[in-house]
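Student: Please take one residue of this chain and look at it closely, with the chain as a whole as background.

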Amino acid sequence: MHMFSRTSRLFATSALVALAASKAYALPVSQVRSASTEKASSPQAKPNQGQAPSMLGATSPTDEKIEVSGHSYGDGVTGRALGGGLMVNQDSPKSVSAITRDYIAKQNPALNPMQLIALLPGANVSDTDPMGMTGGHISVRGMTESQMGFTLEGFPINDIGNFAVYPQEIVDAENLRTVRLAQGSADLDSPHISASGGVVDMYMIDPKKRMGGQVDMTYGSFNATRGFARFDTGYIGNTNLRAYFSYSQGRQDHWRGPGWENKKHGEMKVVNDWGDGNRVSLAVVGNSLQNSAYPSVSMASWQKWGLGFNNPLNGNGLAKGDPANTVYDRHYYKGDNNYYKLRPNPFNNIYASMPSTFKLTDHVTMTETPYFWYGYGNGGGAYNTDMTAFTYGKQTLPGNVNGVTGSNVLLYNPSLTETYRPGATTKFTLTTGVNRLMIGYWFEYSKQRQTAPYSFVSTDGTPLSQWGDSGNVVLSNGIKAQYRDTLTQTQVHTPFIGDSLSLLHGKLTIDAGLKYSIVKRQGTNYLPDVSSKYVRTNYNEALPTASVRYKIDQKNQVFVSVATNYRMPQNYALYDSGSYNQRSGLYSTLANVNQKPEISISEEAGWRYQGDVISTSLTYFHYNFTNRLYTQSLTDPISGAFYTTNINGGGMHSDGVDAEIGTRPIHNIRPYVSLEYLHAVTDSNLPAGSGSSADYLHTKGKKAPQAPDWQVGFGLDYDDGKRFANFNLKYVAPQYSTFINDQKIPGYVRMNIGVGYRFPKVSIFRSPTVRLNLQNLSNNHYLNWVNSVQPNAKATRGIFGHTIAAGSPTYTIASPFAAIATISSDF
């Protein structure tokens, strides 16, 4: 495949279209700038007409109190932001936290957005490499990223099928203005069907008004290298149009076992604003990633082998084929399906969004956000297969791959996904005196093609194509063999309406809203002998919200809110897939088209103090979940075959407290502290077994997995204009990996430190800066994520006395100590 060249052409074409389209809106600068452009049509415009932000619409960075007064040190750093840029004064009537450029610009520039928000209240973030190129995970209040909505410039980032988030693909940190974490609930206009546990909204910086740009170069541990360059056009000709274009490329070796990552990433943003509050912008992000995967580990493997070993035998010091591998094999031997080159994870994608605001009258504003994203990639794997008797549903057929056949042939078997996803969110806001009415509609139509072909592996263990699109196994009936083969089409229709009333001269704000989510899915399963070849499902959910915020005085405010959110079943729940057992007549993954959406009701009550020097926030929260989405493992009583299916696993509730405090500079020092206490409990006994052995596990009243009781974050920033330094610490308490609470990962502490110096202007370089970031300062080796939650890790008896076999939770190993040095400057 030559996907990156195709992506590059699409990226360039989009840029030209954006310039042409935006120029049609542009007015001569002489007309625009003389009419209060700097006040109303810049990013500081007030779309809420002076009212406080509410739960009705997604809060943009301009709705929050982001102070930018004071001296600018380059790259958007002011040295004034609360807690070193880890806190923003909020007026939203629900729990919201955010980071700004004051913090982002001083970190390792390769970090992805998830890593950047690790210190915020309740953000339990994992990583696997120092440069953020292999992604990571997050849970907030016990809910993982697939239960949260992620947006960039107003468009959804979550995978439309399984709602996963791949943070290494989203945005370069140099172009990231702010990241906003709403821990409790999505806004009415949030374009998500998976946000049962909050949202993360990301916003890119705007193009500068003068021509210039930024460059930086990074080098660090594990042969990590990265370069970034951005060019800002400034105002283009005699218009109010401005843009920037950026490109970055990074590479690093694996710190554990063999492998590497290579990432190429391009971004652009075009902005045209005019008159009193009119604005058109276009953001485009293109990403191409080539990497090798890190293996997850079981607790037994971790306790026995730790980080693994490297020696000439097979790269990890273990016997060939040893199942306790904690690293993939560096050297290939015949039939080795654990060879690292058989575990690539290539992906190419492109995102485009055009959030635009038009002031139609003095009282009516229209906001339109059309978007499109395309993605193509896979996660690799390999299997030894009998090519003389290949299973094709109920049939057994011989296969052929590049003329090779035999009883034990090594085949590459990646899971390919190709996604087309256009959509748009439209809303109208009517402001009349103290009342603000919002009416809107979100529409999306996506197509997702997912396959898993078997393909040829050369004698040196290298796949003929890492994309799996050539050298495929063809059966004697002429059909290409597949592990899965589906097409999913998803239509989303979501009308919403909300009203906000501001009373007592703005002290009291009352919000109420409702959105009605209508989702239609059509699926086709091209595998043979499946339970349903064609699938149609409809999900309809009414999601009301309400909130009250009261300003006691200029510094103190309180709020309460209640919201209903939901998460649809993942698309893979609709299909039979995997290996077919001819004795039982079952696939290893069984469809369940009757699975219901997961529903959450969240309630919050909070207090904020926002003084001249210190700001604090304290929030109590309660959640109640029903119809939790759950993957059940079963054993067929006839054949003994193991299979899984997706069901609704009952209820869960949680209670807890989030808190954060940050200060303005006190002798150039700005501390920040965040804290969360969480008590999350499973409310139901989970089903286990099947047939005559069907039973339930004793999980009712047990603590929920991936939900640590305590998290504490601490940040300390020093900045005197020339010298700067920061220290970050995060403590995460132990967290269970099973629903029955018989295995867990220990609590851990992670510390990072950064130091830097800003030099005087040199030639065209206005703010040359050097900085050094030291990550995982104590080189703590620990498990930081439960990658595969299981019902139980030890064999146990169910409620009815049946023996429930042990499962094996798997885990992610945290990245070790790394030193990352960066030279950067604006120009």
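**One arginine in its setting**

Tutor: Of the 827 residues in the chain, 61% are buried, meaning under 20% relative accessible area with a 1.4 Å probe and protein chains only as cover, while exposed is over 50% and partly exposed lies in between. This is a predicted model, in which local features need pLDDT of at least 70 and side-chain atom pairs pLDDT 80 or more, whereas totals for chains, interfaces and linings use all residues. Residues are numbered from 1 along each chain as its sequence is written, and side-chain values use heavy atoms, without hydrogens or water.

The chain has six helices and 50 strands. Its exposed area is about 30,200 Å², with 58% from carbon and sulfur atoms. Of the contacts (heavy atoms within 4.5 Å) with a separation of 6 or more, 70% join residues 24 or more positions apart.

The residue to look at is Arg758, in strand E44, which covers residues 748-758. Arg758 counts as buried because its relative accessibility is 9%. Its side chain reaches the backbone oxygen of Gly721 at 3.1 Å. Gly721 is also among the contacts of Arg758 beyond four places in sequence, together with Asp719, Lys722 and Phe724. The others in that set are Tyr73, Val77, Lys106, Pro768 and Thr769.

For comparison, Lys359 sits in strand E16, residues 356-359. Lys359 is partly exposed, because its relative accessible area is 22%. C-alpha to C-alpha, Lys359 and Gly277 are 5.9 Å apart, with their positions 82 residues apart in sequence.

Technical notes: Helix = DSSP H or I, 4+ residues; strand = E, 2+ residues; numbered from the N terminus. Polar contact = N/O pair within 3.5 Å; in protein donor to acceptor, adjacent residues only side chain to side chain. Areas by Shrake-Rupley, 256 points an atom, 1.4 Å probe, with all protein chains shown as cover.
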